Amino acid sequence: MTVKISRTAEIQTFFEEAAGLRNEQGNPRLKQIVLRILQDTARLVEDLEITDDEFWTAVDYLNRLGNRGEAGLLVAGLGIEHFLDLLSDARDAEAGRTGGTPRTIEGPLYVAGAPLSEGEARMDDGSDAGIPMFLAGRVLDLRGQPIAGATVDMWHANTKGLYSYFDPSQAEYNLRRRIRTDAEGRYRARSIVPSGYGCPADGPTQQCLDQLGRHGQRPAHIHFFISAPGHRHLTTQINLAGDRYLWDDFAYATRDGLIGEVNFVENAHGIAGRCAEVVFDFQLQPASEATDERRSQRPRALQVQGA
């Protein structure tokens, strides 16, 4: 018979002590969270009969995950970040907040403080010989009326699937821009068609996915933060149609309503040869309170005051 002690009064008292609930100092909210982590970890160890070797292998894995800075990648790959979106959707539905462009995951590669332009911008620095891409659209309210002065903050990978800042070979803020919409709510950007990417093959995230029998590939996509006074902040991305991983995204970010159709044209936009056009409009929900207008306060690279 398997011995189980985690639910005994003695162990519960021990965990309360370890979580700081028996002193007056510290953070009460954190104490409750740590207590739950301790309780659930102990029950997992008992219920699944985790061996000492398995436990300490997991501890070593967490150390390696942190050293590689891949915790955010694993959170996306295990679907936890997508779960947070689904939970937010459910809470919105319960509150009667419907309509607008769907949210989807932010991912771990945003960098604050990208250059801000009025109406339009060029995102690439010309060093990548990818297919030129012309991205345009409007920011609208739920009635379909344009929102002037909205900020479209966008970022995407290069043709190797790499992001500036995290890839030191790229110039600062390459493929990252903020654009303020014009009087008609329009934004326009010239860039290059991005590539999808895979988790680092030698990293702990891919190691975990291998053990789960899963790949670590993402389709080509473009990330967005959309914000405007009086409207709810939107975190989303569009995955580009035609990519082999469009509906097999390891990060579960592809959602109905977030597919960017790519139209290839010849000798257009002053470009000799092939280029791509992507048109995508966003609709924002009205804000109920001031906090609705701001993005989450999760830690990010280069937190710039007011960015």
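This section describes nonpolar cores, a helix pair and an N-terminal helix in a predicted model.

The largest nonpolar core comprises 27 residues, of which Met154, Tyr187, Ile222, Phe224 and Ile226 touch the most other members. Two or more residues of this core come from each of the strands β3 (132-141), β4 (151-155), β6 (186-192), β9 (221-227), β10 (234-240), β13 (274-279) and β14 (282-284). With neighbours within four places in sequence set aside, Tyr187 is in contact with Gly119, Leu135, Ala136, Gly137, Arg138, Val152, Met154, Ile179, Thr181, Phe224, Phe280 and Phe282. A second core, separate from the largest one, contains 16 residues, among them Leu73, Ala76, Tyr110 and Tyr163.

Helices α3 (residues 52-67) and α6 (residues 204-211) pack with their axes 9 Å apart and at an angle of about 135°. Angles over 145 degrees count as roughly antiparallel and those of 65 to 115 as roughly perpendicular, so α3 is classed as oblique to α6. On the α3 side the contact is made by Tyr61, Arg64 and Leu65, and on the α6 side by Pro204, Thr205, Gln207 and Cys208. Four of the residues in the contact of α3 with α6 are nonpolar, two are polar and one is charged.

In helix α1 (residues 9-18), the buried residues are Ile11, Gln12 and Phe15. Viewed down the axis of α1, these residues fall within an arc of 100° and therefore line one face of the helix. The buried residues of α1 pack against α2 (28-47), whereas the face turned away from the buried side carries the exposed residues Ala9 and Glu10. Gly20, just after α1, adopts a positive phi of about 80°.

How values were computed: Residues are numbered from 1 along each chain as its sequence is written. This is a predicted model: local features need pLDDT of at least 70, side-chain atom pairs count only at pLDDT 80 or more; totals for chains, interfaces and linings use all residues. Side-chain values use heavy atoms; hydrogens and water are left out. A nonpolar core is a set of buried Ala, Val, Leu, Ile, Met, Phe, Trp, Tyr and Cys residues joined through side-chain atoms within 4.5 Å. Buried means under 20% relative accessible area, exposed over 50%, partly exposed in between (1.4 Å probe, protein chains only). Helices (H or I, at least four residues) and strands (E, at least two) are DSSP runs, numbered from the N terminus. Contact means heavy atoms within 4.5 Å. Axes are lines fitted to C-alpha atoms, for helices over the stretch in contact, and angles run from 0 to 180 degrees between N-to-C directions. Angles under 35 degrees count as roughly parallel, over 145 as roughly antiparallel, 65 to 115 as roughly perpendicular and the rest as oblique. Ala, Val, Leu, Ile, Met, Phe, Trp, Tyr, Cys and Pro count as nonpolar, Asp, Glu, Lys and Arg as charged, and the others, Gly among them, as polar. The arc is that of the directions from the helix axis to the C-beta atoms.
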